[in-house]
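Got your viewer open and your mouse ready? Then let's take a walk through this protein, one selection at a time.

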Amino acid sequence: MDSPKPKLLMLVGPTGSGKSSLAIQLALALDTDIISADSRYLYRQLNIGTAKPTPGELSRVRHHMVDCADLDSPWSIGEYKSSVEKIIPELNSNSKIPLMVGGTGQYIRAFSQNWQIPEIEPDNHLRVVLEKIGEEIGFEKMYENLAVIDPEAAKFIDHRNYRRTIRALEVFLTTGKRFSELRTKGESRFDLLILGLAWERQELYERIDERIEKMLEEGFIQEVEGLLAAGYRENLDRMGVIGYSELTSYLDGLISLEEAVALIKRNTRKYVRRQANWFKPNNPEITWFNAKDPDILEKMLDRIRLRYF
């Protein structure tokens, strides 16, 4: 079906749902590229603990927005959106419908709701002051203050992400306007088809627990050791990426390995519940598929063909 809007496919769902492997199968069948919508995949230094696609998987299908940033130069959502907006029309011009895949709700909503994110220059002096306050009173307290000042921003900022918490407070103190109010939304600029992977919650939790154990077997602890040795401790602390923070505490001797693993599993489950607020089962914009259906690939392809071909 012809459309004046650029075409964009999306595959969404919670962490651990199998999006990456299914996306490769879809992309191969459609002869297209994958655009990652996972904020952790951006960073070259984060691999095992993010379940990033392996080099072999990345070689099968071209992936965009993977390994394009460094931990010491974190990207904003505005930078991500700006970069991806250049990729989509280019792929469309080559008769490809790009497949955006990921569980970072902000990234998906930025395109499905056409978020307009204002470019506000950082106030480095104020940021340093806020960071010092955070170190004194605890960044958890800073997040609580943000939730009072701007409850809407607190809903889409993970409480573990100190960097984004500080940024939201900085914007409010600089402009006098709430961070959430400056981010406007509207009708998507794209001809969207959003496909979702659905799991029963308990089955998903079991998959996640198995994946975490596999990460540890593959060298997750050694990956974190290497990052700390390379001087990325502060960056990891401020980003609050699940798994890395807990293992840092273990390596610092603050908790046992068993406690760290239990925390990783518990915090990942909390993250899944947060993702459910972004990808609601009753969202009419998302066509949901049973992730355990053995014919899911063909059923998704049938839905895609019905929409676009």
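Start by selecting Asp158, His159, Arg160, Ile242, Asn267, Lys270, Tyr271 and Arg274, and show their side chains: these residues line the largest cavity. Remember as you look around that you're viewing a predicted model. The space inside this cavity comes to about 50 Å³. How many cavities of 30 Å³ or more does a search of the whole structure find? Just one. Now try colouring the lining by class: you should get two nonpolar, two polar and four charged residues. As for how such hollows turn up, rolling a probe the size of a water molecule over the atoms shows where empty space is left.

Keep Arg160 selected, since your next stop uses this residue again. Add Glu140, Tyr162, Ser245 and Glu246: together with Arg160, they are the lining residues nearest the centre of the second largest pocket. The full lining has 14 residues, and the pocket holds about 330 Å³ of space. Which helices each supply at least two residues of this lining? Show the cartoon and highlight 244–251, which is helix H13, and 257–278, which is helix H14. Colour this lining by class too, and you'll find six charged, six polar and two nonpolar residues.

Stay with helix H14 for a moment and pick Arg269. Its side chain meets that of Asp209 in a salt bridge, 2.9 Å from N to O. Arg269 sits in helix H14 and Asp209 in helix H10 (residues 201–217), so this pair ties together parts that are 60 residues apart in sequence. Are the two partners buried or exposed? Asp209 counts as buried because its relative accessibility is 18%, under the 20% cut-off. Arg269, at 23%, counts as partly exposed.

That was one salt bridge, but the structure holds 22 of them, so let's visit a couple more.

Jump to helix H3, residues 77–93, and select Lys81 and Glu85, which lie four residues apart, about one turn of the helix. They form a salt bridge, with the closest N and O atoms 2.6 Å apart. Switch on the surface and see how much of each one shows: Lys81 is buried at 7% relative accessibility, while Glu85 is partly exposed at 24%. Now add Arg189 to your selection. What links Arg189 with Lys81 and Glu85? A network of salt bridges.

Next, zoom in on helix H7, residues 151–156. Here Lys155 and Glu152 are three residues apart, again about one turn of the helix. Draw a distance between their closest N and O atoms and you should read 3.1 Å for this salt bridge. Check the surface here as well: Lys155 is exposed, with a relative accessible area of 56%, and Glu152 is partly exposed, with 43%.

For the last stop, leave the salt bridges behind and select Val129, Ile133 and Ile137. What do these three form? With the surface on, you're looking at a nonpolar patch that has about 210 Å² of accessible area together. Click on Ile133 and switch back to the cartoon to find its place in helix H5, residues 124–137. Ile133 counts as partly exposed because its relative accessibility is 33%, which falls between the 20% and 50% cut-offs.

Note on methods: Residues numbered from 1 in each chain as written. Predicted model: local features only at pLDDT ≥ 70, side-chain atom pairs only at ≥ 80, totals over all residues. Heavy atoms only, no water. Patch = residues over 30% accessible without salt bridge, like charges linked within 9 Å, V, L, I, M, F, W, Y side chains within 5 Å. Areas by Shrake-Rupley, 256 points an atom, 1.4 Å probe, with all protein chains shown as cover. Salt bridge = Lys/Arg side-chain N within 4 Å of Asp/Glu carboxyl O. Buried < 20%, exposed > 50% of the residue type's maximum accessible area, 1.4 Å probe, protein only. 1 Å grid on protein atoms, 1.4 Å probe; cavity = no way out; pocket = protein on both sides within 12 Å on 5 of 7 lines; lining within 4 Å. Points joined across faces, edges and corners; volume = space filled by probe spheres on them. Nonpolar A, V, L, I, M, F, W, Y, C, P; charged D, E, K, R; others polar.
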